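Work through the exercises below with the sequence and the coordinates open beside you. Each task is followed by a solution that goes step by step.

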Amino acid sequence: MLRVMQVGAHLLFFLLLSVGIVRAVADSDHPAPVVSLAAVVAAWYLCGIWFVRRRGLENGEPIERRLGQLWFAVLVVGWLMLMLADANFVWLAFALFFLCFPLFSTPIALTVTAVLTGAAIAATLWHGTTNTAASIVGPVFGAAAAAGMAVVYQQLVRQSTQRQQLVDELTEAHHELLDAQDELVALQRETGALAERSRLARDIHDTLAQGFSSILLLSRAGQRGPGDPTAIFTQIAETAQQNLVEARRVVEALAPAALETAPLQSALRRLLDQLQRQTGITAELITDGETMSPIMDYDVALLRVAQSALANVRLHSQARRVRATLSYSSDEVRLDIVDDGIGFDQREAGGFGLRSMRDRLAELGGTLVVESAPGDGTAVAATLPIGRSA
């Protein structure tokens with residue numbers, strides 16, 4: 001609506017200017033000076049439109065508003081010259097009325113409108129008229145109507161600006177909420193990590209550190225004075241044995257039991273052998289590339305992915321064959337598990353198992369890709385980066 005009103009105001013100006021030119025040409029024997037002046041006024045008006053589009057008077061900045069007022073003053077001077085030259089341009093005042101309110105405050109705009117109305121009436125009377133009452137009443141009613149429409153237009157502009165500000169504020173608040181949620185997630189993750197570190201610190205302090213202190217004290221006691229070396233060594237051995245038990249207990253809280261005594265390849269092979277014994281599904285393991293130095297977090301993550309994927313094979317796939325491929329390269333380690341089962345529709349898959357696998361890999365900077373379709377089996381690819389921070 002605002003755009004239509006703006007375009008309508010421009011069209012009204014050029015329509016009234018064109019009518020004035022046509023009538024001036026028809027009524028005058030020498031219309032060239034008037035037509036030239038009208039062309040200059042039209043060009044100046046077009047410069048104002050270009051300025052508005054390029055800089056934007058609607059921004060309300062003081063420098064922009066002052067430039068607009070200067071442009072309007074020059075336009076009014078051109079209109080006054082046209083009226084003095086030909087009375088047919090008097091009605092161009094109606095278009096000027098609409099320009100007052102965007103450029104001036106409402107009281108000043110009403111004052112300017114009254115002055116323009118007076119100038120139009122004076123020019124009409126100066127050129128002579130057969131109907132004095134109409135020459136006075138017409139501009140007055142036209143000014144009143146134009147002023148009313150301009151006030152409505154300004155109100156619409158203010159409402160539109162306020163609405164846009166509200167939308168911008170809501171958008172900014174939404175972004176701030178998302179940022180706060182991300183910060184909360186990061187804080188929760190950091191809090192969990194700190195809690196785990198605190199637990200490990202307490203366990204190490206209460207078990208390993210205390211045990212080493214006891215061994216150190218016993219050793220120093222044996223060095224300082226006479227005594228039964230056998231008894232001291234026995235005490236040291238008992239303390240070391242207890243310390244070893246506690247150390248294993250701490251380690252068990254960090255790593256799966258399957259990785260305690262064997263590398264990842266052996267743990268995967270045991271999972272596949274167990275699957276084959278219990279279900280009859282033919283299972284094989286292929287290792288590709290040079291085995292990298294074991295990284296406990298990576299081995300744990302890949303083993304958990306394999307356990308979850310093979311559990312799905314056992315429960316849902318109806319497969320006859322499954323193959324796991326563990327591949328090492330210079331920049332990543334990858335585990336692929338492929339079966340020839342009935343597959344599934346990925347659009348309907350949203351179980352906790354897949355989300356858990358993705359989240360576990362994402363914590364280490366890795367990715368999980370699942371490819372499946374009904375009747376085409378399932379392929380699960382877990383990839384973890386090597387040599388860059390998760």
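**Exercise 1. Register of the first strand pair**

Task: Determine which residue of β2 stands opposite Ala283, and establish how β1 and β2 are paired.

Solution. Begin with the residue pair itself: Ala283 has Val322 of β2 opposite to it. Further along, Ile286 is found opposite Thr325, again in β2. These pairs belong to a connection of seven bridges between β1 and β2 (residues 321-328), and the two strands run parallel. As general background, strands of a sheet pair through backbone hydrogen bonds, in either a parallel or an antiparallel arrangement. The model is a predicted one, and the register described here is to be read as part of that prediction.

**Exercise 2. From one pair to the whole sheet**

Task: Follow Thr325 to its partner in β3, then write down the strand order of the sheet and explain which strands stand at the edges.

Solution. First, Thr325 stands opposite Asp336 of β3, within a pairing of β2 and β3 that is antiparallel and comprises seven bridges. Next, the connection between these two strands is a hairpin, with three residues between β2 and β3. Extending the picture to the full set of strands gives an open sheet of five strands in the order β1-β2-β3-β5-β4, with mixed pairing. β1 (282-288) and β4 (367-372) each have a single partner strand and therefore stand at the edges, where one side of each lacks a neighbour in the sheet. From one strand to the next, the twist averages 10°. Finally, consider how far β2 is covered: six of its eight residues are buried, so that the strand is mostly covered, under the cut-off of less than 20% relative accessible area.

**Exercise 3. Two helices on the sheet**

Task: Identify which strands α8 lies across and which strands α9 lies across, and characterise the packing of the two helices by angle and distance.

Solution. Helix α8 (residues 264-279) lies across β1, β2 and β3 (332-339), and its direction makes an angle of about 165° with β1. Helix α9 (residues 296-317) lies across β2, β3, β4 and β5 (378-385), running at about 10° to β3. For the packing of the helices on each other, the angle between α8 and α9 is about 10° and their axes are 10 Å apart. Because that angle is under 35 degrees, α8 counts as roughly parallel to α9. The residues of α8 in this contact include Leu264, Leu268, Leu271 and Leu275, while those of α9 include Leu302, Leu303, Ala306 and Leu310. Sorted by class, the contact of α8 with α9 has 10 nonpolar, three polar and two charged residues.

**Exercise 4. An exposed residue with positive phi**

Task: Locate Gln318, state its phi, and decide whether Gln318 is buried or exposed.

Solution. Gln318 is situated in the loop between α9 and β2. Although Gln318 is not a glycine, its phi is positive, at about 55°. Its relative accessibility is 64%, so Gln318 counts as exposed, the cut-off being over 50%.

**Exercise 5. An enclosed helix and a contrast**

Task: Explain why α4 can be called largely enclosed, and work out how Leu11 is placed in relation to Ala95.

Solution. Helix α4 (residues 93-103) has 11 residues, of which nine are buried, so α4 is largely enclosed by the rest of the structure. Among the buried residues are Ala95, Phe97, Phe98, Cys100 and Phe101. Leu11, which lies in helix α1 (residues 2-27), is exposed, with a relative accessible area of 55%. Leu11 and Ala95 are separated by 84 residues in sequence, yet their C-alpha atoms are 9.0 Å apart in space.

**Exercise 6. Annotated spans against the model**

Task: Compare the record's annotated regions with the secondary structure over residues 72-98, 104-126 and 163-190.

Solution. The unreviewed UniProt entry places the feature "transmembrane region" at residues 34-52, 72-98, 104-126 and 133-153. Over residues 72-98 the model is 74% helix and 0% strand, and the end C-alpha atoms lie 11 Å apart. Over residues 104-126 the chain is 91% helix and 0% strand, with end C-alpha atoms 29 Å apart. The UniProt entry, again unreviewed, also gives a "coiled-coil region" for residues 163-190; in the model this span is 100% helix and 0% strand, and its end C-alpha atoms are 40 Å apart.

Conventions. Residues numbered from 1 in each chain as written. Predicted model: local features only at pLDDT ≥ 70, side-chain atom pairs only at ≥ 80, totals over all residues. Heavy atoms only, no water. Pairing = 2+ DSSP bridges. Helix = DSSP H or I, 4+ residues; strand = E, 2+ residues; numbered from the N terminus. Axes fitted to C-alpha atoms, helices over the stretch in contact; angles between N-to-C directions. Contact = heavy atoms within 4.5 Å. Buried < 20%, exposed > 50% of the residue type's maximum accessible area, 1.4 Å probe, protein only. UniProt positions renumbered as here; feature names shortened; annotations may be inferred. Parallel < 35°, antiparallel > 145°, perpendicular 65-115°, else oblique. Nonpolar A, V, L, I, M, F, W, Y, C, P; charged D, E, K, R; others polar.
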